[in-house]
Amino acid sequence: MSTRLCVPVRWMRRRARSLSLVAAGVLGAAVPPAWATEPVVIQVDAAAAKPISPDLFGIFFEDINYAADGGLYAELVQNRSFEYRPTEQRGWNPLTSWDLVQRDGGRGALHVDAGRPLHPNNPHYAVVDVQHVGGGVGVSNPGFDGIVVRKGAAYDLSLFVRQLYVERRWGGPPFGADDAFSLTAQLEDAAGAVLGQTTLSYSGTDWQRVAGAIVADADCDAARLVVLFSTQGGAAIDVVSLFPRETFRGRANGLRKDLAETIAALAPKFVRFPGGCLVHGNGLPNMYRWKDSIGPIYERREQPNLWGYHQTLGLGYFEYFQFCEDVGAKPLPVVPAGVSCQNSGYTAGRGQEGLPMAEMAAYIQEVLDLIEWANGPATSEWGAKRAAAGHREPFGLEYLGVGNEEHITPAFEERFRAIEKVVREKHPEIVLIGTVGPFHSGPDYDEGWRIANALKLPMVDEHYYESPRWFVENLQRYDKYDRAKSAVYLGEYAAHDEGRRSTLRSALAEAAYLTHLERNGDVVRLASYAPLLAKEGRTQWRPDLIYFSNASVRPTINYEVQKLFGVNAGDRWLATTVEGAASADVAVSSVQDSSTGAIVLKIVNRAVESRSLVVRGAALAAGRATCTVLAGSPDAVNGSDPAEDLKPTTTDIAVGPSFAYEAPASSLTVLRLE
Ligand code: AHR
């Protein structure tokens, strides 16, 4: 890309420099040049409207930055199935996060075994060997950096257990199916004080699931779960699980309520999952295979997460689809295109690998099975599995991504074409989304588009992470896209400011870009910021849209922008022009929501001073409009002191076929005319 700055950028820089000199007292009081005080004229022409995608703004969910396990997925126990491996993180093993507990003279040992697993997909389990009962022998688990419990809240515990098959100490027969045992599970604070407990009974020496509830009698941000046995011999345990009773929409195996509510507030029209690079995986065995992620959690095939940790797949396809339904969004699953990630080499040195062509027919059937699972009747083979999981009605899958920003090699192309051919033949109703590499231009982009054009793909997935300046210099990118070719899903984007901070500057660059996505909403049908979630202290990628800890949720300013666009989306773009000498930093779009008739103007002013605007349009009925403004210093960042966070404020203003509006410095304004 050329390093020459375009005129508006040079002007912005000069302007910012002179303003800071004024602020520093180096220059005299600013006398704005005449052109800067002339109003910017915004003309809204409803007669020249065009339909735009009603699904434009959605979200990209990937299990990166502990977004799923330890994040949105509400499971509180870490390594619940004893499947952590040394290949996932240095020092990890099946007993990571588990410690032996020996109370009041109790004596025992803890080891991992694989001799009589609960399920072949879940090979390891823990054995608590109780040599001397004392006050109990068992295990403790601190969750993901401490378990947050709240006074009065209920926590649902479940685990699989079987008594060890040992001779009774007094020489009697071994334990049998009729023998009864009990275990005690408790939540404890760091000092060992019990915050709540339950006692569960079980019998015999075969695996069985036991469950109960613990009600906390105090708050604690760093509790641990302790499971104690008091029978000589001990027990084997697996899938030790603890969920807050209160999950998002009260779902079993559900999602963390505060985080899910923060996501739902974005009013996403679609949810893309499960990634990102996670989809194609770190080498072929690590591809995300959707069938591994459905069914009872103890049958799911856990696996390494290419972002350097572990995926239980507890948040699997059923949970993703259910979440989409719960938030009124369309599901957008992305399946691997039969090749692994080209960056797989960082652990294995292999780079992109393709499934053997001999396996492709079976793999393509797997993709067809997904469509049947989502949309088939409950009487179909895969629809029956969906129904058995609790969703008899089809989910209504419309979009399906195949591949994620692959290096477009011959191996990729051969496999992608094979999948595309069968899926589109058998399911012309599905919008198949291809991939055009990891950047906005370059060889993979060109090659991806070559394939898209040759196959007349319904849609392609573009990705780019760039500076705020790149975004404002490329506002016109989609104006020139050929409407006869594939539509665009802008599947991953974010403006990365210096220091990878989520500043108002980056948020306004994104906001300006979004106004142009609306303008081009006939060709750009879907768009999602990436990544969505990041856990503080467990982050592999910056910036992200929403940061969180175990006890709090911290949306960025960029989140506020996404939310304003999400809740103020439309399905018709009203032709809008912006003119005037001081219009370089102003970006505007006008949309209409045909279900309510509301007209929404989104006005971005990136200048560091306010802008006088005159808004004209015969369709703008005289009355009052709600006026929501997000404004502040371009360097503002939310999070260090939540009391100081930049949040939008709402008032109302008089509007009509011609009205004046002063757009504050560095601001996004949303004017909503009902
Ligand atoms: O969003 C983070 C990563 O960026 C995604 O996994 C990948 O698709 C892209 O490179």
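Q: How far is an oxygen atom of the ligand from an N or O atom in the side chain of Asn404?
A: This is a predicted model, so its local features are taken only where pLDDT is at least 70. Asn404 is one of the residues that surround the ligand. Between a ligand oxygen and an N or O atom of the Asn404 side chain, the distance is 3.0 Å.

Q: What share of the area that the ligand exposes when taken alone does the protein bury?
A: Let's start with two more polar partners. A ligand oxygen sits 2.6 Å from an N or O atom in the side chain of Glu62, and for the side chain of Tyr465 the value is 2.7 Å. Taken alone, the ligand exposes 280 Å², and the share buried by the protein is 94%.

Q: How many nonpolar residues does the shell around the ligand have?
A: The residues around the ligand include Phe60, Cys277, Trp307, Ala530, Pro531 and Trp541. Glu62, Glu405 and Glu492 are also among them. Sorted by class, the shell holds three charged residues and two polar ones, while the number of nonpolar residues is seven.

Q: Which residue offers the backbone oxygen that the side chain of Gln311 reaches at 3.2 Å?
A: Gln311 belongs to strand β16, residues 309-311. Beyond four places in sequence, Gln311 touches residues that include Asp63, Asp69, Leu278 and Tyr288. Glu302, Gln303 and Asn305 are also among the residues it touches. The backbone oxygen reached at 3.2 Å is that of Pro304.

Q: Is Gln311 buried or exposed?
A: The relative accessibility of Gln311 is 2%. Buried means under 20%. Gln311 therefore counts as buried.

Q: How many residues apart in sequence are Asp145 and Arg538?
A: These two form a salt bridge, with their closest N and O atoms 2.9 Å apart. The bridge links distant parts of the chain: Asp145 is in the loop between β6 (137-141) and β7 (147-149), and Arg538 is in the loop between β23 (533-535) and β24 (546-548). Asp145 is partly exposed at 46% relative accessible area, and Arg538 is partly exposed at 30%. In sequence, the separation of the pair is 393 residues.

Q: Which helix holds Asp326, the partner of Arg251?
A: The side chains of Arg251 and Asp326 meet in a salt bridge at 2.8 Å, N to O. Arg251 lies in the loop between β13 (233-244) and α3 (257-264), so the bridge ties together parts that are 75 residues apart in sequence. Arg251 is partly exposed at 31% relative accessibility, whereas Asp326 is buried at 12%. The helix that holds Asp326, residues 317-327, is α5.

Q: What is the relative accessible area of Glu462?
A: Glu462 is in strand β20, residues 459-466, and Arg477 is in the loop between α11 (468-473) and β21 (487-495). Their side chains meet in a salt bridge at 3.1 Å, N to O. Arg477 is buried, with a relative accessible area of 8%. Glu462 is buried too, and its value is 0%.

Q: How many salt bridges does a search of the whole structure find?
A: Some salt bridges share partners: they join Glu413, Arg417, Glu447 and Arg450 into one network. Counted over the whole structure, the number of salt bridges is 38.

Q: How far apart in space, C-alpha to C-alpha, are Ile42 and Thr577?
A: Ile42 is found in strand β1, residues 40-51, and it counts as buried at 0% relative accessibility. Its contacts beyond four places in sequence include Thr576, Val588, Ile603 and Leu613. Thr577 is another of these contacts. Although 535 residues separate Ile42 and Thr577 in sequence, their C-alpha distance is 5.6 Å.

Q: Which residue is 32 residues from Val655 in sequence and 5.5 Å from it in space, C-alpha to C-alpha?
A: Val655 lies in strand β31, residues 649-655. With 8% relative accessibility, Val655 counts as buried. Leaving aside neighbours within four places, Val655 is in contact with residues including Ala621, Ala622, Arg624, Ala625 and Leu673. The residue at 5.5 Å is Gly623.

Technical notes:
Residues are numbered from 1 along each chain as its sequence is written. This is a predicted model: local features need pLDDT of at least 70, side-chain atom pairs count only at pLDDT 80 or more; totals for chains, interfaces and linings use all residues. Side-chain values use heavy atoms; hydrogens and water are left out. Helices (H or I, at least four residues) and strands (E, at least two) are DSSP runs, numbered from the N terminus. Buried means under 20% relative accessible area, exposed over 50%, partly exposed in between (1.4 Å probe, protein chains only). Contact means heavy atoms within 4.5 Å. A salt bridge is a side-chain nitrogen of Lys or Arg within 4 Å of a carboxyl oxygen of Asp or Glu. A residue is near a molecule or strand if one of its heavy atoms lies within 4 Å of it. A polar contact is a pair of N or O atoms within 3.5 Å; within protein, one must be able to donate a hydrogen and the other to accept it, and residues adjacent in sequence count only if both atoms are side-chain atoms. Accessible areas come from the Shrake-Rupley method with a 1.4 Å probe; for residues, only the protein chains shown count as cover. Ala, Val, Leu, Ile, Met, Phe, Trp, Tyr, Cys and Pro count as nonpolar, Asp, Glu, Lys and Arg as charged, and the others, Gly among them, as polar.
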